[in-house]
Each structure stands twice: as C-alpha cells, then as structure tokens.
Amino acid sequence: MADVYADVGERSKRFFSEFSVPGPRKGSKLHKYGTQLVSIAHRDQVSLKVDLDDLATFDEELSRDIMENTVRYQKILAESVTDLLQDYQQHEVVKDSLDVYIQHRLLLEAKNRGSDEIRDPRNQYPAELLRRFELNFVPPSDQKPLSIRQITADRIGTLVTVRGTVTRATEVKPAMTVATYTCDQCGSETYQPITGINFTPIEMCPSKECQTNKSGGRLYLQTRGSKFVKFQDVKIQEDSDQVPVGDTPRSMSLLCRGENTRKCQPGDRVNVTGVFLPVQRSGFRAMMGGLMSDTFLQVHHIVRIKKGYEESSLDCLSDEEARELVQEPLFYDKLAASLAPEIYGHEDVKKALLLLLVGGVDRNTQGMKIRGNLNICLMGDPGVAKSQLLSYIDRIAPRCQYTTGRGSTGVGLTAAVMKDPITGEMILEGGALVLADQGICCIDEFDKMNEGDRTAIHEVMEQQTISIAKAGILTTLNARVSILAAANPAYGRYNTKKSVEQNIQLPAALLSRFDLLWLIRDKPDANTDLRLAQHITYVHQHSTHPPREVEPLDPELMKRYIMACKKRDPVIPEDLTEYIVATYVELRKNAREDPRNATFTSARNLLAVLRLATALARLRFVEVVERDDIDEANRLMEMSKASLVEDEQTTRRTRPVDLIYGIIRDLQKDGATTVKYDDARGRCIAKGFNSDQFGECIDEYERLNIWHVNAARTRITFIH
C-alpha cells in the first residue's frame, strides 16, 4: 500500500511540473501550475486550486481516485508540492516569526540531542505546522450538483457537489490546526495535528526522557507555537424546488477554512464542492452519541449561482446591445407584455411590476437616506392571478425571497436570535427580508398576517433597515429590499356596498408606505370573459401563451437587460422641478376636494412619483429623466387610485373624450382663452388616458367649433 501511494506522489509531481496549456502567443505553452508554485514558494500566493479536469487530461486514473478518497490524496499531493517548492524558489524570502521559531527550535534540538536518537512521532514537527499553502480541488465540469437529501452514507469520504441556499454564516474566527505542548519536566515539545471540530488535549508527555525516568511530566498548551487558520461555519438549506411535497427542507453544515472563508453570504444560492465527512467526537460525547454520527461538508470550492445585481456584471448586456433593444418600437409595452405572458390582461399592473424589478435611485443627502426601491401591493378578488404574478417575479428576479402571510412571523421576516452550536454564542440568523437584501421579497396572503407580525416590516419599507435589541444584541441590519405584497379584500371579494376603508382594512401607516396600491376587480363582462376563457384554454392545451402581434422577449434576455438597467443612475433636471411640484400640488388639491378619494395623499406620493420616473429613465437606458417619464409615473399613480374608486355606472356612461374635455377646460385660467397644448396633453396622460384618446378629443371638439388648434399644435384657443 505504501508503494502505491509513493507511486501517486511521483505521478502528482510530474503533473505539477509538466502540465501546460496553450499560451497567448501562437505555439507557446503556459505551465499553469508551475507559475503558481513559484508564487507559493515566494509566499505571494496561499491557495493552490487543482482542477480535476486538468488532472483527468494528464492522468485520468489519479483524478478518479481523488474523487473516491479525497482526504488521503489531498495529503499526498500537498506533500508533493512541499517537495517541489525548493526547486521553484528563485530568491530568498523574508523570514517571519514562524521561521524564526522553527529555526530556534531546531538549533536547540541539535544542541541537546544526539543525531542518532530516535524521537517519538508526536515530538517531530508535523507537515501542517511548516506548510504555508492550502491545496483544494475544483470539481470536474461534468459533475452535476446534488440536493442535500441525495447525499447519503455511501458518499462518506468522497468529493461531492451540493446545491443550496445559505441561511447562516458565522463570523470568521481562528481555528487551531496544530496544537503545541511543552512538558513541565523535560521541556520537550509535543505536536498534535487537529483535523476535526473538537479534540482531546494530550495530558502526559510522550517523550523518551519522561518515559525512562517515569517522571510523569504534564503537558501545557503553548498558543504561540500552535498554528491557527481562518475558520467559518456556514449552513445551507435545500431550495424549494428540491423539496418533495409534504417534506421540510433539509440543512447541511459547511466547514470553511483558510481562503474558502467569506465566499458567500446569507441569501446566496451556491454550488459547494467538498468532502462529506462524519463529525469526530471524543470523550463523553462519543459515549452518549452511540452509533449515530452527525455529518458535515469540508469545503474545497464555492461558486455562487444566484448573485445580486451589482455582482452579475458578467451576465448583463453591453451598452450597445441594450440601446438596440430600446430603439425597437413600443419597447416599453413589449417589455411589460413579456412579464408573465401566460397571464391575460393586467397591462398597467405588469408595467408597475417591471418598474419594481428595475427600481429607482437611492439618494443619500447629509446622512439622510431616501430609498429608491419600490413597494407595491396587489389587492384583488380571488382568481385574478395575483399569486402567479408573484411567482413569476420570484423566478425572474436575480435575488428574491417568497413567503406567505400565514406562514411567516415577525421574527421569521426580520431576524431571530440563535445559539451558535460551535461557539455557544448568541448570534443573529437573518429572516426573509435580510436574505432578500438588494432584491425583492414577495409576501402572498398579506391580509392573513397577524397584526403584530405585520408591523415588523414598517421600518423596512421606509428606512430599509431592521433594528434589533434582543438577548443583549443591539444592532441594525440592512434590508434594502422591495416589498411586493398580494392580499384579498376583508370580505374575500370586494364588496361594492361598503367603503374602500372597510374593504381594505389595513392601517394607514402601512398603506402610505406602498408606492402603488392596486385593486384588481373581477368584473363580469361578456367580451372580456370570452377572451379570457379563450386565452386560458389555449395556455392549458399548448402550455404556452397564444400568438401575439408583438412576440414577448426571452426571460433570460429580460434578466440581462434588467441587470444592465440597474447600473444606470439617472438624475432629474432642474427645468422639470416646477412641473413636478405643480403636479403634486394638483394631486393634493384633487385629493382634498374629491370625497371618493380613498387613500391619504402625502409627501410619500411625491417621492413615489420620483422613484417611478427614475425607474422609467433606467428602463429607457438614459441618464436624464424626461417629462414623459413624469407623465407616465403620474398616470400609473392615477390608475392605481382609480382602481380603488372606480364607479361602474359613471365609467359606462361617460366617454373618455368627454372626460378629457373636462380636464382641458379645468386648465383654462380665469379670463384666459388659451391653453398650452403640451400642458393639456401631459395632464390628460397623467390622469390615465393615452395619446390616441387625447388626439381624438382635440379633433372632435375642433369640428364642433369649441376650440381651435394652431398649425404648430402648441396652443389650444377656446372660441366663445
């Protein structure tokens, strides 16, 4: 067996020395691992990643053996690298404290002992103490990641790749890998390599002098001569699509050492490669544990597969590709129609959700932060596809958490205080809002939440933070998240005989934090019902949306475009300031005069308009907000409010053309006979009408000699 492993050492040395890849110049070769060994020999590099794809092309049998017995082969390859480092050292390196410590011990040893004296193995310097590098394996590219429940006992000791979501990551702390003891009788030093989480200290000196004299020397731990490495405990949980129906998601502990620490944060979806091992227990715990053993994954390689917007720069579109998409006709409508194309209708709701994905721009002015994330609440009758819209947003957003109202508590949404099983300290474990930081949190059945749990998200929705004062832990966690909530009215369905306040039954402090509150009604209408039924039957039969005039964009392309839009930081020019102020004052005036107005209009509505406008500018891939963006933001605000106070009889009796005429007539100031064309058009669009309806109204009332429009179409003059 020793000869077999000796042969492995020679084969691994040949691999490190001879393996090469094509260089940048034609016909040149680049020694991939030789250059890394030079850096390690000069202490410029710490981690050596051995790609098993490279090893398979050089020695397929050795690569296969490493997959089956990783821990043993990791030690052999590390010894081979240690032997090769002397050949790759090109100049002297600066000595540090460990070099001086080892040199001092070797001089004392040569002085006090004879050269032919045989020492106990525990009194010799272990390789782990002298080694200045880490050796880890990168899995083969054809190895598929497994779920946690697929990793069973037959994979103990093998190299596996598992997929999951990080739920907890402890602080990085020093962990002892080699314990150094000093004897109080003979003064000799004893070394104990530590491989597991815990260990049993050696008490009696094993040196030959103490054994001969029977002096019973006791050992004392010397922290200065011991070796410590960075250590982090990470906990991952199965993804929801990997959990069978009726089961709870399983978890697994990951032990990260050295350069593998700080590679992931709570909320990240990761592919983790490591060695599946049992926890080695000693002493009383081993006696109480019986035949069962806990398991963990000793990490070799971590890859994040679902990152935040800022970290996904490699996947986003280039500026040229994005601008080509923006130049397409009706791009805004096409992008909104590409959101959940299998769901019929809801055009304005989809536009609002599209702006939620893009988000506005954060503003930090002299310590005060104004959030840029949008919060939207969808309230409607059963069967209007609210939950389906939330599920689609959960799939398309790069970082998103999905939860339901009845299955969530205030602690589960914000943060829970837990006891760390390793250190015993009280730690915070982030909830759904913390895990969705810089993303979206979808909360379904929002009305079913308990009132005490619902108040936990008030601070998150405006200040974007979570303040914690629990178990002696006083801290503030970031929760820069957009809230997308779906709720039913208080009576299940919207009751037209009761007021809006009685139907919604949510506190005003919470409603004012939503930028858009949308009421989706299921109204009986023969034409709409016919088209909806045809749409549903087509989707059910063909598992795709019906053919349309404008083909929706591919979801992957939408993801890449949204990531590119998030990098834009548009500003509002000064010449639009007066227009924005005037629209807000008009909004407050209408809210004060209209007895049917159901929502309280405050300065938060003005901030909501600014957020929607900057999100629209991001969507158009420009750096400056235009007047059309303000008009579209006002239109979405008006449409969301109109959904709350819509009167069926009034809307059925009054034509849009007549309503537009009333809006233009209200713009006519005392004694004035003219109205600016652009002002009238902007006000009508802000009220929820489109450009075609406005043009139809202008032409119809011009034929009736009510007003006259000049040739340049800049002024509307009333004819008395």
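Against which strands and helices do the buried residues of H13 pack? In this predicted model, the buried residues of H13 pack against two helices and several strands, namely H12, H21 (555-566), E15 (376-380), E16 (400-404), E19 (440-444) and E22 (482-487). Helix H13 spans residues 386-396, and its buried positions are Lys386, Leu389, Leu390, Tyr392, Ile393 and Ile396. Viewed down the axis of H13, these residues fall within an arc of 160°, and therefore line one face of the helix. The face turned away from the buried side carries the exposed residues Gln388 and Arg395. Such a pattern may be read against helix geometry: an α-helix has 3.6 residues a turn, so residues three or four places apart point the same way.

The largest nonpolar core comprises 52 residues, of which Leu339, Leu353, Ile440, Leu484 and Tyr561 touch the most other members. Helix H12 (residues 347-358) supplies the largest share of this core, with 8 residues. A second core, separate from the other, holds 36 residues, among them Phe16, Leu135, Phe137 and Leu159. In soluble globular proteins, nonpolar side chains tend to be buried together.

An open sheet is formed by 3 strands in the order E24-E26-E25, with antiparallel pairing. Strands E24 (674-676) and E25 (707-709) stand at the edges; each has a single partner strand, so one side of each is left without a neighbour in the sheet. Averaged over the sheet and with direction ignored, neighbouring strands are turned by 25° against each other. Strand E24 is joined to E26 (residues 715-718) by 3 bridges, the two strands running antiparallel. Within E26, Ile716 is the bridge partner of Val675.

Two helices were found to pack on this sheet. Helix H26 (residues 656-667) touches E24, E25 and E26, and its direction makes about 85° with that of E26. Helix H28 (residues 691-703) touches E25 and E26, its direction making about 120° with that of E25.

The loop between E25 and E26 contains Arg713. At 36% relative accessibility, Arg713 counts as partly exposed, because this class lies between the buried limit of under 20% and the exposed limit of over 50%. When residues up to four places away in sequence are not counted, Arg713 touches Tyr677, Ile698 and Asp699. Arg713 and Asp678 are 35 residues apart in sequence, while their C-alpha atoms are 8.8 Å apart in space.

Conventions
Residues numbered from 1 in each chain as written. Predicted model: local features only at pLDDT ≥ 70, side-chain atom pairs only at ≥ 80, totals over all residues. Heavy atoms only, no water. Core = buried A, V, L, I, M, F, W, Y, C linked by side-chain atoms within 4.5 Å. Buried < 20%, exposed > 50% of the residue type's maximum accessible area, 1.4 Å probe, protein only. Helix = DSSP H or I, 4+ residues; strand = E, 2+ residues; numbered from the N terminus. Pairing = 2+ DSSP bridges. Axes fitted to C-alpha atoms, helices over the stretch in contact; angles between N-to-C directions. Contact = heavy atoms within 4.5 Å. Arc of directions from axis to C-beta.
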